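Let's take a walk through a protein model together. Keep the 3D view open and turn it as you read.

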Amino acid sequence: MQGGCLAGSSQDDESGIPVVKAAAVQGSSQSIRRNRRHGGFCRSWVLVIATAILAGPLISVAGEPAARAGAGGCPLVAGIFLAGTGETHPGADAAVPVGLLGPVGAQLSQRFGDRFVARFPAYSASAFDRLPYGDSKATGVAAVRDELVGFGKRCPATKFVLAGYSQGADVLGDVAVSIGCAGDPVPADQVLGVGLVADPRRGTAGGKLVGPQVSGQGIAGPRPGGFCGLSSVTAEICAGEDRYCATDAGQHPILAGLGRMLSQPTGPQIGSNDDKAAQELTRSLGSDFSGVNLADASGAVQRMIAEVSSGHPDIGHLTQGVKELTSTLGPLADLSGWAAENPGAKSRLSQASPGSGDKLAANVLDAASRSDLSSALDALASIASQITGAAATGADRSTLSGAVDRVASATAPLTDSMAASPAAALSQASRVLSVLKPSVVVDQVLNVVVNGLRFAANVPGVLDVLGRVVGLVGDPAIDIPGKVRGLHDLFGTLNSEFAPLVKMVAGVDLRMISHLIGLIPDTTGTAQIISLLVGMLANLDVGALAAQIGQLQDNLWQVAEALAAGANPIDVGVRLAELVPTLLGFAGIAVNTLVGSSDHGADVQGLARSATDLAGKNGADALGQLVSEGFSAASFFASGVHQGYDHYVVDGDGRTAIQWLVDWFSNRIRSVVPT
């Protein structure tokens, strides 16, 4: 468990371990305004550091082990730093500092020279843009283990410091659990320190928070079992505003459950049918944009045209052109087809600010829909087939020319629309498109849950209003003007009460979202209840229902205006009488639907009550506030909300998360490096 926190400033003790002493937190007002980060510092961290100092097996002292570590060109200490989502790629050079943690490795290398080596393992570091998050994470685990095993074989006495950021922290945390609890792939006493920045599984037992107190846990949930033998040397850094590492599962069970589900690997398919369905859903949300080059699409087409027009087409150049265009057009065609079936995708992007990556992505998607990408891909396949045989028989220039012309014609709307956009902007648009599927689905889930819970809370009020409509129509004591005014006001209230339901269904396949919500792992039962409620509401024609409410309100308003204008009361009474069957019919159908007496056989009222009780009366407002504050799927997939840790102040001396890690690791390294 994380201990209580104490405002303080830090200093290094004799062994080089940063410790916290009681003091008022000092920091510039600018830093406080920028980061809103200053707060208490964990008192338990002081105790842990003291424990680490005294724990013989966990700390090697300078002496014979260090001398052996320096033999044969082996470093005394190796640092394994794993980058976050989008900060590296599978082909990166592991010797080159990269990402947020790059300066940590670079500064430690500068301080300790050849006694220390920094490694930045290359892995997918993607989240649905190349691989689903869980599958990308698996490549990170393999990369880190390979580094550790490699050092273990070549340099068995080398010690380690480990650090990860974002997805990298997710990976390093899992590896730390394996080391601390099972000694795999290296013994726990070879690890001097573990630093996890923005860990989506923060809250794992044994990890100690550095910096201001943070509520909740990581969005993917804590690791079971804890860090075991590495608990005393595992530091966690998380900004309170970063939902990636600070989600209150009690307050946001749907969000936390969704994070857990989408962070799981997609194969092999094991477990229950729901587990397999969740894996299949996660797999379907991926879009491999690793080979997409929007900026060069037009150029690639023009180069192919020029090659064929030259009279002596180079087979190698044509092959390269086919490969480049297929890598760009294939994912775009798939995404365009998906967006056509999900109108919420286009509307989400089209509402973005002019000049933004989202807006340009909307333009690209629109241009793709106006292009015939399927025909273009068929023509590219035809070219590939022709040039494969051309190596032996010679290329048929006229056939190749016709196929290239078909590619140019089919892609013209797309290439023309991108011609005026700078490469950097198109790269940003490509990033937006690469995570569009999961972004849209997650945002739709949040929309349905928020507005579903709000409508659930409104159901008692709706039933009350419908009962009052029936009572008012049949009350002989109320005159016609009173009935008209009263009914108009009641239908105005109904309009407001049904507003969340209208928002909930806008551009959404409720049955699909209901199924997805039902797959979310949620021990509170909220997700399952909401799934049933949304499934039942999917049987309603919400648009027609809302339209009828609005029409009845307008009709009543016209009658009220006629009364105000001095119309004959008898004529007004006739007009009202004509509306009465419709009013009563609507009220009866609506009541039966909500209480379960209709042909639907659904007790919407009962499920609404259960959902409201489980989520708490503020459940929808809490999640709605989260959405209104700017939370979106980007915080799952693009790590957009937690990129400021190089400015995040964690102690009273004004040290940032990065500088704190440098200083702490330095002190840990000095415990085994001769001075």
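## A charge over a ring

Start with a term: a charge is said to sit over a ring if NZ of Lys or CZ of Arg is within 6 Å of the ring centre and within 35 degrees of the ring normal. Keep in mind that what you're looking at is a predicted model. One case here is Arg 154, whose charged end sits over the ring of Phe 151, 5.0 Å from its centre.

## The open sheet

Now find the sheet. Which strands build it, and in what order? There are six, running β6-β5-β7-β8-β10-β9, and they form an open sheet with parallel pairing. The edges belong to β6 and β9, each of which pairs on one side only. In general, strands of a sheet pair through backbone hydrogen bonds, either parallel or antiparallel.

Zoom in on β10, which covers residues 234-237. Two bridges link β10 to β9, and these two strands run parallel. Strand β8 (residues 191-197) is joined to β10 by four bridges, again in parallel. Look for Glu 236 in β10: Leu 209 has Glu 236 as its bridge partner, and Leu 196 stands opposite Glu 236 too. As a rule, side chains in a regular strand alternate between the two faces of the sheet. You can see that in β10, where Thr 234 and Glu 236 point one way while Ala 235 and Ile 237 point the other way. All of these β10 residues are buried.

## Helix α4 and its cover

Next up is helix α4, residues 102-112. Which of its residues are buried? They are Gly 102, Val 104, Gly 105, Leu 108 and Phe 112. It helps to know that an α-helix has 3.6 residues a turn, so residues three or four places apart point the same way. The cover over the buried residues of α4 includes β5 (77-82), β6 (116-119) and α25 (657-670). Right after α4 ends, Gly 113 takes a positive phi of about 60°.

Helix α25 brings in Ser 666. Is Ser 666 buried or exposed? Its relative accessibility is 0%, so Ser 666 counts as buried. The side chain of Ser 666 makes a polar contact of 2.7 Å with the side chain of Arg 111, and also reaches the backbone oxygen of Val 662 at 2.7 Å. Leaving out residues up to four places away in sequence, Ser 666 touches Leu 108, Arg 111 and Phe 112.

## Rings that meet

How many aromatic pairs does the structure hold? Eight. One of them is formed by Tyr 165 and Tyr 645, an edge-to-face pair with 6.4 Å from centre to centre and 65° between the planes. Tyr 165 is in strand β7 (residues 159-165) and Tyr 645 is in the loop between α24 (634-637) and α25, so this pair ties together parts that are 480 residues apart in sequence. Both partners are tucked away: Tyr 165 is buried, with a relative accessible area of 3%, and Tyr 645 counts as buried at 2%.

There's also a ring cluster to hunt for: Phe 81, Phe 120, Trp 660, Trp 664 and Phe 665 are linked by ring pairs.

## Two nonpolar cores

In soluble globular proteins, nonpolar side chains tend to be buried together. Here the largest nonpolar core has 107 residues, and those touching the most other members include Leu 436, Val 445 and Phe 491. Helix α16 (residues 436-474) gives the largest share of this core, 19 residues. A second, separate core has 39 residues, among them Leu 76, Val 210, Ala 246 and Tyr 648.

Take a closer look at Leu 436. Setting aside neighbours within four places in sequence, Leu 436 is in contact with residues including Leu 335, Trp 338 and Leu 365.

## Two spots on helix α20

Finish with helix α20, residues 542-564. Gly 543 is found in this helix and is partly exposed, with a relative accessible area of 48%. From Gly 543 to Leu 501 is 9.4 Å in space, C-alpha to C-alpha, though they are 42 residues apart in sequence.

Ala 562 is in α20 as well, but Ala 562 counts as buried, at 14% relative accessibility. Beyond its neighbours within four places in sequence, Ala 562 is in contact with Ala 567, Val 572 and Arg 575. Val 572 is ten residues from Ala 562 in sequence and 7.3 Å away in space, C-alpha to C-alpha.

Terms used. Residues are numbered from 1 along each chain as its sequence is written. This is a predicted model: local features need pLDDT of at least 70, side-chain atom pairs count only at pLDDT 80 or more; totals for chains, interfaces and linings use all residues. Side-chain values use heavy atoms; hydrogens and water are left out. Buried means under 20% relative accessible area, exposed over 50%, partly exposed in between (1.4 Å probe, protein chains only). Contact means heavy atoms within 4.5 Å. A polar contact is a pair of N or O atoms within 3.5 Å; within protein, one must be able to donate a hydrogen and the other to accept it, and residues adjacent in sequence count only if both atoms are side-chain atoms. Rings of Phe, Tyr and Trp (its six-membered ring) pair if their centres lie within 6.5 Å; planes under 30 degrees apart count as stacked, over 60 as edge-to-face and the rest as tilted. A nonpolar core is a set of buried Ala, Val, Leu, Ile, Met, Phe, Trp, Tyr and Cys residues joined through side-chain atoms within 4.5 Å. Two strands pair if DSSP finds at least two bridges between them.
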